[in-house]
Amino acid sequence: MGRQELISQVVVTAQQMRDIENRIFAGGMPVAALMEKVAGLIADRIQTKLAEDTTYFPHSPSFRIGILVGPGHNGGDALVVARELYFRGYEVGIYCPFSKRKELTSQHLQYAQSIGIICYESIELLADCHLFIDGLFGFGLERAISDPIATAINQLNEWHKPVIAIDLPSGLHTDTGEVLGTAVRATHTLCLGLWKLGLLQDQALDCVGKAELIDFDIPLADIHAILGKSLGIKRIVKTTALSTLPLPRPPVTHKYKEGHLLLICGSRRYSGGALLTGLGGRASGVGMLSIAVPESLKSIMVAQLPEALIIGCPETESGAIAQLQLPENTDLSKFNAIACGPGLTRDANPILQQVLESTVPLVLDADGLNILADMGTIPTLQKRQAPTVLTPHAGEFKRLFPDLSDANQDRVKAVREAAAQSHAVVLLKGARTAIANPQGTVWLNPESTPALARGGSGDVLTGLLGGLLAQASSKNIPVEDITATAAWWHAQAGILAAQERTELGVDAHTLTQYLIQVLLLEVISTSDKYSF
Ligand SMILES: NC(=O)C1=CN([C@@H]2O[C@H](COP(=O)(O)OP(=O)(O)OC[C@H]3O[C@@H](n4cnc5c(N)ncnc54)[C@H](OP(=O)(O)O)[C@@H]3O)[C@@H](O)[C@H]2O)[C@@H](O)CC1
Ligand SMILES: Nc1ncnc2c1ncn2[C@@H]1O[C@H](COP(=O)(O)OP(=O)(O)O)[C@@H](O)[C@H]1O
Ligand SMILES: [K+]
């Protein structure tokens, strides 16, 4: 794996970053030299951004940049940036409300003032700035921000101006993304060296804006020394996601070799859930798709998914599947994967028991999860022999794991605990979907779109994931890697659809049509397997 690819996957906590930093300094790198290097890269990036985006940052002789400087090395970075931008011809002003500062930061402040950059006591005096650089706090913030800094941050936020945060928006907890008192609402974040975990937590996203990494050549040996070879938390990136897709297909194959997926979904009340799960399964390219639905849904499913084998099952009075009635000579072990849950209603309770007893990889979603929660998540799953993937949103997560950490707060901690206790792979849905395996490794999906916050988009994911698992069954790829790929693919389809149709144009049915579009763009552009 190349440096760029590895760096794009690494996620660190504040403590891990400190440990890596200490190794760099212990190796002989002077602290001041590192700050100079990093801040030089930040200044270059800001200058490029200003040149690239003239509608957002209009050229004007009065263009003024306000720079917020904290007491630690985040403030030191900001001062070097201030000096560089000043020398490059920008008008800059500093706000630094701290009398106690780290030595290096104090030296940079003294020099900035000596060359004529004005340091203001009140942020109000920067009200006419067109752009702000936030260098108040980085990964050293450990307690809630109080006044007068809190009031200054709130004032800055009220101005609704572009703000570029250095490392992370000041006020966010580096690991959990929690707002500590108050936090800068940045429009851009330039994360330094390695991705900080807090930037990938849902609760931070209102403050993060567009995030990008500034790579300053941290030696790989230092990263591995602190994080180990396998990295505990990883961002899901394109190259790894594409590498687990079942492409290219072997030339000599047949439909059952390309995976047989069984979907169990739908009820008279929720026929749409079955349809969307089926369309997600179809888009995975799975060799054979069987879908068990209540008898009364059979005709609409056949009309929409003519290639699938639709299994009409006896219904309860309420229109839920009463029992699985598989074709003759078929039992659950004939399938390569099963995905069960969307639209079932809790009345389909008896079939879940049967599905859990199977020895096939199983995805549970929606009512599949609600029924599991009623049965008792942990004792029920302990009896399972084959892999299980649970795909809850935060509400379902709470029902499944009522005793665990709140899935709306430190989502990474919550999903990790859930996977460890249930021995399942757990995919916690959200703006930054988090996946954990029972061994404690976590995958975070770093890019998505709120266009997906819409009924039915999760059903599509269930079908897609089931289809990928079925196709991977003979390939020895870990279930958690396939799960990460499904989350990435689903989100990328949402992003592409939103680009073409706006965030309001991505209904779940439309989403299914963009899944293959993603591959057309990504697989063909990144692979030379297809060129001569
Ligand atoms: N890692 C790397 O490789 C590199 C790191 N670099 C940069 O260093 C940054 C980390 O620097 P850092 O460790 O000095 O911490 P930082 O975030 O500036 O703030 C800590 C200071 O704030 C204070 N303080 C804390 N909470 C407070 C509060 N609520 N209210 C008020 N004060 C509070 C605390 O003082 P205390 O009062 O606790 O003594 C302390 O002085 C990092 O984000 C990056 O920008 C690059 O330059 C080079 C490469
Ligand atoms: N704000 C958001 N940003 C990105 N993705 C989101 C957001 N909100 C929801 N999603 C994604 O949309 C899907 C919603 O799934 P779910 O809640 O199960 O919906 P449904 O049950 O209606 O199908 C999940 O994949 C989730 O990660
Ligand atoms: K900052």
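Select residues 238-522 to begin: the C-alpha atoms at the two ends of this span lie 8 Å apart, and the span is 43% helix and 13% strand. Helices (H or I, at least four residues) and strands (E, at least two) are DSSP runs, numbered from the N terminus. UniProt lists these residues, in an unreviewed entry, as "domain: YjeF C-terminal". UniProt positions follow the numbering used here, feature names are shortened, and annotations may be inferred rather than shown by experiment.

This is a predicted model, in which local features need pLDDT of at least 70 and side-chain atom pairs count only at pLDDT 80 or more, while totals for chains, interfaces and linings use all residues. Residues are numbered from 1 along each chain as its sequence is written, chains are lettered from A and ligands numbered from 1 in the order in which they are written, and side-chain values use heavy atoms, with hydrogens and water left out.

**Strands β12 and β13**

Stay inside the span and select residues 309-313, strand β13. Four of its five residues are buried, so β13 is largely enclosed by the rest of the structure. Buried means under 20% relative accessible area, exposed over 50%, and partly exposed in between (1.4 Å probe, protein chains only). Now add strand β12, residues 288-294, which runs parallel to β13 and is joined to it by five bridges. Two strands pair if DSSP finds at least two bridges between them. To see one bridge, pick V293, whose partner in β13 is G312. Between the strands, the chain passes through helix α11 (residues 298-304), and this β-α-β crossover is right-handed. Right-handed means that, with the strands pointing away from the viewer, the path from the first strand over the helix to the second runs clockwise.

Follow the chain out of β13 to N329, in the loop between β13 and β14 (337-340). N329 counts as exposed because its relative accessibility is 70%. A distance label from the C-alpha atom of N329 to that of A407, 78 residues away along the chain, should read 43 Å.

**Ligand 2**

Centre the view on ligand 2, which is surrounded by 16 residues, the closest being K429, G430, T449, G456 and G458. A residue is near a molecule or strand if one of its heavy atoms lies within 4 Å of it. Helix α17 (residues 457-472) gives the most to this shell, with three residues.

Which contacts can be labelled here? Polar contacts are pairs of N or O atoms within 3.5 Å; within protein, one must be able to donate a hydrogen and the other to accept it, and residues adjacent in sequence count only if both atoms are side-chain atoms.

- K429: a polar side-chain atom is 2.6 Å from an oxygen atom of ligand 2.
- G456: a polar backbone atom is 2.7 Å from an oxygen atom of ligand 2.
- G430: a backbone N or O atom is 2.9 Å from an oxygen atom of ligand 2.

On its own, ligand 2 has 580 Å² of accessible area, and the protein covers 79% of it. Accessible areas come from the Shrake-Rupley method with a 1.4 Å probe; for residues, only the protein chains shown count as cover.

**Ligand 1**

Move to ligand 1, with 24 residues around it; H73, D77, K102, G138 and D167 are the closest.

- N74: a polar side-chain atom is 2.8 Å from an oxygen atom of ligand 1.
- E21: a polar side-chain atom is 2.9 Å from a nitrogen atom of ligand 1.
- F139: a backbone N or O atom is 3.2 Å from an oxygen atom of ligand 1.

Ligand 1 exposes 940 Å² when taken alone, and the protein buries 84% of that.

**Loops and backbone angles**

From the ligand 1 shell, keep D167 selected; this residue lies in the loop between β6 and β7. D167 is buried, at 4% relative accessible area, and has a positive phi of about 75 degrees although it is not a glycine. Most residues other than glycine have a negative phi, and most peptide bonds are trans.

In the loop between β6 (163-166) and β7, also select S170. S170 is buried, at 0% relative accessibility, and a polar atom of its side chain lies 3.5 Å from the backbone nitrogen of L136.

H160 is in the loop between α6 and β6. Its phi is positive too, near 50 degrees, but H160 counts as exposed at 69% relative accessibility.

Finish with two cis peptide bonds. One joins D147 and P148, with omega about 10 degrees; P148 is in the loop between β5 (131-135) and α6 (149-159). Another joins L247 and P248, with omega about -10 degrees; P248 is in the loop between α9 (238-243) and β11 (260-264).
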